[in-house]
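This report walks through a structural model, beginning with a pocket and moving on to the helices and the sheet. Please keep the sequence and the three-dimensional view at hand while reading.

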Amino acid sequence: MSRWTPCKRREFIRRLWTLGFGGPLPGRRHHLMLYQSRRITLPTNAEYSVGQVRVLLRQVGGILGREFSAEEWDRL
């Protein structure tokens, strides 16, 4: 069983690209990633903590209509 690990911002964006997201586009204080007409806001820090990764993936899962396990996220 895999564990959640911190993720670099660039790696997180690359994995969102594989899921079909576009961007990142500049916002006011954060960047945005788009999936069809839905968007997710990305913090600007260079590395996301485990808590941030899980919160962001919960938002991504809500957009895509499914949940992600740590193993599935590592395979992307």
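The lining of the largest pocket in this predicted model is made up of W4, R54, L57, R58, G61, G62, R66, E67 and F68. By residue class, this lining divides into three nonpolar, two polar and four charged residues, and the pocket that the residues enclose has a volume of about 170 Å³. As background to such a value, rolling a probe the size of a water molecule over the atoms shows where empty space is left.

**The helices**

Helix 1 runs over residues 9–18, and its buried residues are R9, F12, I13, R15 and L16. Why do they lie on the same side of helix 1? They do so because, taken around the axis, they cover an arc of only 160°. Just after helix 1 comes G20, which takes a positive phi of about 105°.

Helix 2 spans residues 50–64, and L56 is found within it. Is L56 buried or exposed? With a relative accessible area of 5%, L56 counts as buried, because the cut-off for that class is under 20%. Along the chain, L56 and H31 are 25 residues apart, and in space their C-alpha atoms are separated by 13 Å.

**The sheet**

H31 also leads into the sheet, as it belongs to strand 3, where P26 stands opposite it. Three strands form an open sheet in the order 2-3-4, and their pairing is antiparallel. Strand 2 and strand 4, the latter covering 38–42, are the edge strands, since each of them pairs on one side only. From one strand to the next, the twist averages 30°. In general terms, strands of a sheet pair through backbone hydrogen bonds, either parallel or antiparallel.

Strand 2, at residues 22–26, and strand 3, at residues 31–35, pair in the antiparallel sense over three bridges, and together they form a hairpin with four residues between them. The pairing of strand 3 with strand 4 is likewise in the antiparallel sense, and there it extends over five bridges. In the hairpin that strand 3 and strand 4 make, two residues lie between the strands, and Q36 takes a positive phi near 55°.

The table sets out bridge partners and facing residues by strand.

| Residue | Opposite residue | Strand of the opposite residue |
|---|---|---|
| L25 | L32 | strand 3 |
| P26 | H31 | strand 3 |
| H31 | L42 | strand 4 |
| L32 | T41 | strand 4 |
| Y35 | R38 | strand 4 |

Read across its rows, the table shows two residues with a partner on either side. H31 stands opposite P26 and also opposite L42 in strand 4, while L32 is the bridge partner of L25 and has T41 as its bridge partner in strand 4. For Y35, the bridge partner in strand 4 is R38.

Conventions: Residues numbered from 1 in each chain as written. Predicted model: local features only at pLDDT ≥ 70, side-chain atom pairs only at ≥ 80, totals over all residues. Heavy atoms only, no water. 1 Å grid on protein atoms, 1.4 Å probe; cavity = no way out; pocket = protein on both sides within 12 Å on 5 of 7 lines; lining within 4 Å. Points joined across faces, edges and corners; volume = space filled by probe spheres on them. Nonpolar A, V, L, I, M, F, W, Y, C, P; charged D, E, K, R; others polar. Buried < 20%, exposed > 50% of the residue type's maximum accessible area, 1.4 Å probe, protein only. Arc of directions from axis to C-beta. Pairing = 2+ DSSP bridges. Axes fitted to C-alpha atoms, helices over the stretch in contact; angles between N-to-C directions.
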